[in-house]
Amino acid sequence: QGIVAAVLSLNDNSKLLRVRVSDDRFQFHAGQWVDFFAPGVPKSGGFSICSTPTQLKHEGTFELIVKSSSFPPVEWIHNDAQEGDQVEVRVGGTLYASKSM
């Protein structure tokens, strides 16, 4: 459902992961997270989305900032993720910022 568009080192222990989504049904609100499924990793990771819904609308991408840890999905992002890798993502959470805020 998604393709890794970029993996950028922000500092010694944080990476920015940009994911391109082509499915128009994929939408999120500020404050939601994604369940993230990396290829070959048996566990999913839940990560807060750090980009805006507007970025998704205009660029077809969203971003995660992921701090290093020994959790398998995080290790994949920090050590194995490459531009072009296919990933699965699913939006989660029903508590988020409303447009009236």
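How many positive and negative side chains does the protein have, and how far apart do the centres of the two sets lie? Keep that question in mind as you look at the whole chain, then step into the close-ups.

**Figure 1. The whole protein, shown as a predicted model.** The answer to the opening question is 9 positive and 11 negative side chains, with the centres of the two sets 6 Å apart. Following the chain from the N terminus, you meet the elements in the order β-β-β-β-α-β-α-β, which comes to 2 helices and 6 strands. The C-alpha atoms fill a box of roughly 40 × 25 × 25 Å along the principal axes. A compact globule of 101 residues would have a radius of gyration near 13 Å, and the protein agrees, because its own value is 13 Å. About 6300 Å² is exposed, and carbon and sulfur atoms supply 47% of that area. Of the 101 residues, 39% count as buried. Take the contacts between residues at least 6 apart in sequence: 62% of them join residues at least 24 apart.

**Figure 2. A close-up of the largest nonpolar core.** This core has 22 residues. Those with the most contacts inside it are L17, F26, F36, F62, L64 and W76. Which elements give two or more residues to the core? They are β2, β3 (33–37), β5 (61–67), α2 (72–79) and β6 (86–92). A useful rule to remember here is that nonpolar side chains tend to be buried together in soluble globular proteins. To see one core residue among its partners, look at L17: beyond four places in sequence, L17 touches V4, A6, V7, F36, F62, E63, L64, I77 and A81.

**Figure 3. A close-up of helix α2 and the strands around its buried residues.** Within α2, the residues P73, V74, W76, I77 and H78 are buried. What do the buried residues of this helix pack against? Their partners are β1 (2–11), β2, β3, β4 (45–48), β5 and β6. Two of the buried residues also appear in the previous legend: W76 is among the core residues with the most contacts, and I77 is one of the residues that L17 touches.

**Figure 4. A close-up of V21 in strand β2.** Strand β2 covers residues 14–21. Is V21 buried or exposed? V21 counts as buried because its relative accessibility is 8%, and the cut-off for buried is under 20%. Leaving out residues up to four places away in sequence, V21 touches Q1, F26, L56, G60 and F62. The chain also brings V21 and I3 together in this view: they are 18 residues apart along the chain, and their C-alpha atoms are separated by 6.7 Å.

**Figure 5. A close-up of V41 in the loop between β3 and β4.** A loop residue can be buried too: V41 has a relative accessibility of 18% and therefore counts as buried. Apart from neighbours within four places in sequence, V41 is in contact with P72, P73 and W76. For a sense of distance, V41 and T61 are 20 residues apart in sequence and 22 Å apart in space, C-alpha to C-alpha.

**Figure 6. A close-up of P53 in helix α1.** Helix α1 covers residues 53–59. With a relative accessible area of 32%, P53 is partly exposed. Setting aside neighbours within four places in sequence, P53 is in contact with F28, H29 and A30. Q27 is 26 residues away from P53 along the chain, and the C-alpha atoms of the two are separated by 7.4 Å.

Conventions:
Residues are numbered from 1 along each chain as its sequence is written. This is a predicted model: local features need pLDDT of at least 70, side-chain atom pairs count only at pLDDT 80 or more; totals for chains, interfaces and linings use all residues. Side-chain values use heavy atoms; hydrogens and water are left out. Helices (H or I, at least four residues) and strands (E, at least two) are DSSP runs, numbered from the N terminus. The radius of gyration is taken over C-alpha atoms; the globule rule is 2.2 Å times the number of residues to the power 0.38. Buried means under 20% relative accessible area, exposed over 50%, partly exposed in between (1.4 Å probe, protein chains only). Contact means heavy atoms within 4.5 Å. Accessible areas come from the Shrake-Rupley method with a 1.4 Å probe; for residues, only the protein chains shown count as cover. Lys and Arg count as positive and Asp and Glu as negative; His and the chain ends are not counted. The place of a charge is taken as NZ of Lys, CZ of Arg, CG of Asp or CD of Glu. A nonpolar core is a set of buried Ala, Val, Leu, Ile, Met, Phe, Trp, Tyr and Cys residues joined through side-chain atoms within 4.5 Å.
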